[in-house]
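Work through the exercises below with the sequence and the 3D view open. Try each task before reading its solution.

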Amino acid sequence: MLGQTTPFFSFSTNQLEETRRFYEVVLGFEVELRRDRFLHVQLPENRPLIIYYKEDHVPAGHTALNFQVTGIESLVDSLTAQGVVFEQYGPPIATDEKGISWDDEGSHIAWFRDPGGNILALIEH
């Protein structure tokens with residue numbers, strides 16, 4: 001039924017301008033502000049991400065958006081140099097001093113937050 005539709009991602013923020021700058025300048029996406037409260041972030045393959053302003057926004061307690069990457073350590077270094085702070089977790093997903101969880105089976109993950117506190121992740125397989 002919905003297999004032929006085009007899904008998209010969305011979540012909220014209470015820091016609209018800071019979030020726009022973060023996705024545009026720090027992460028490098030094209031971002032368009034619409035109707036003074038919707039950020040349309042253009043993801044690869046023409047997939048939109050819509051981040052909308054919500055005054056009483058509460059960040060989700062889970063990862064809102066994952067980025068599959070190669071060269072996770074160099075990306076973490078680059079984003080850290082731009083002021084991104086990576087999350088630090090203990091076992092069972094313990095992260096190193098840079099915030100990377102190195103998995104023996106080859107899936108490495110580094111979590112960070114956008115200005116609205118939404119958790120994002122870099123994942124390398």
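The exercises cover two sheets, their helices, some aromatic pairs and two loop residues. The model is predicted.

**Exercise 1. The sheet that contains β1**

Task: Find in which order the four strands of this open sheet run, and which strands are at its edges.

Solution.
- Step 1. Trace the strands across the sheet. The order is β1-β4-β3-β2, and the pairing is mixed.
- Step 2. Look for strands that pair on one side only. These edge strands are β1 (9-13) and β2 (30-34).
- Step 3. Add the twist. From one strand to the next, the average is 25°.
- Step 4. Check one pairing. β1 runs parallel to β4 (residues 47-53), with five bridges between them. Within this part of the model, Ser12 has Tyr52 of β4 as its bridge partner.
- Step 5. Place the helix. α1 (residues 16-26) lies across β1, β2, β3 (38-43) and β4. The angle between α1 and β2 is about 155°.

**Exercise 2. The sheet that contains β5**

Task: Work out which strands of this open sheet have a single partner, and what that leaves on one side of each.

Solution.
- Step 1. Write down the order. The four strands run β5-β8-β7-β6, again as an open sheet with mixed pairing.
- Step 2. Read off the ends. β5 (63-68) and β6 are the edge strands. Each has a single partner strand, so one side of each lacks a neighbour in the sheet.
- Step 3. Check the β6 pairing. β6 and β7 (residues 108-113) are antiparallel, joined by two bridges. Ile100 has Ala110 in β7 as its bridge partner.
- Step 4. Add the helix. α2 packs on this sheet and touches β6, β7 and β8 (119-124). Its direction makes about 145° with that of β8.

**Exercise 3. The buried side of α2**

Task: Name the buried residues of α2 and decide how they are arranged around the axis.

Solution.
- Step 1. List the buried residues: Ile72, Val76 and Leu79.
- Step 2. Take their arc around the axis. The arc is only 70°, so these residues sit on the same side of α2.
- Step 3. Recall the helix geometry. An α-helix has 3.6 residues a turn, so residues three or four places apart point the same way.
- Step 4. Ask what covers the buried residues. The cover includes α1, β6, β7 and β8.
- Step 5. Go past the end of the helix. Gly83 follows α2 and has a positive phi, near 100°.

**Exercise 4. Aromatic pairs**

Task: Classify the ring pairs Phe29–Phe67 and Phe86–Phe112, and say what parts each one ties together.

Solution.
- Step 1. Count the aromatic pairs. There are five.
- Step 2. Take Phe29 and Phe67. Their ring centres are 5.8 Å apart and their planes are at 25°, so the pair is stacked. The cut-off for stacking is under 30 degrees.
- Step 3. Locate these two residues. Phe29 is in the loop between α1 and β2, and Phe67 is in strand β5. The pair therefore ties together parts 38 residues apart in sequence. Both Phe29 and Phe67 are buried.
- Step 4. Take Phe86 and Phe112. The centres are 5.2 Å apart and the planes are at 55°, a tilted pair.
- Step 5. Locate this second pair. Phe86 is in the loop between α2 and β6, whereas Phe112 is in strand β7, so the pair ties together parts 26 residues apart in sequence.
- Step 6. Check burial. Phe86 has a relative accessible area of 7% and is buried. Phe112 is buried too, at 0%.
- Step 7. Look for a cluster. Ring pairs link Phe22, Tyr23, Phe86 and Phe112.

**Exercise 5. Two residues of one loop**

Task: Decide whether Glu87 is buried or exposed, and find its side-chain polar contact. Then do the burial check for Gly99.

Solution.
- Step 1. Place Glu87. It lies in the loop between α2 (72-81) and β6 (100-101).
- Step 2. Apply the cut-off. Buried means under 20% relative accessible area. Glu87 is at 17%, so Glu87 counts as buried.
- Step 3. Find the polar contact. The Glu87 side chain meets the side chain of Arg113 at 3.3 Å.
- Step 4. List contacts beyond four places in sequence. Glu87 touches Thr95, Gly99, Trp111, Phe112 and Arg113.
- Step 5. Turn to Gly99, which lies in the loop between α2 and β6. Its relative accessible area is 0%, so Gly99 is buried.
- Step 6. List the Gly99 contacts by the same rule of sequence distance. Among them are Phe86, Glu87, Ile109 and Trp111.
- Step 7. Compare positions along the chain. Gly99 and Val85 are 14 residues apart, and their C-alpha atoms are 8.4 Å apart.

Definitions and conventions. Residues are numbered from 1 along each chain as its sequence is written. This is a predicted model: local features need pLDDT of at least 70, side-chain atom pairs count only at pLDDT 80 or more; totals for chains, interfaces and linings use all residues. Side-chain values use heavy atoms; hydrogens and water are left out. Buried means under 20% relative accessible area, exposed over 50%, partly exposed in between (1.4 Å probe, protein chains only). A polar contact is a pair of N or O atoms within 3.5 Å; within protein, one must be able to donate a hydrogen and the other to accept it, and residues adjacent in sequence count only if both atoms are side-chain atoms. Contact means heavy atoms within 4.5 Å. Two strands pair if DSSP finds at least two bridges between them. Axes are lines fitted to C-alpha atoms, for helices over the stretch in contact, and angles run from 0 to 180 degrees between N-to-C directions. Rings of Phe, Tyr and Trp (its six-membered ring) pair if their centres lie within 6.5 Å; planes under 30 degrees apart count as stacked, over 60 as edge-to-face and the rest as tilted. The arc is that of the directions from the helix axis to the C-beta atoms.
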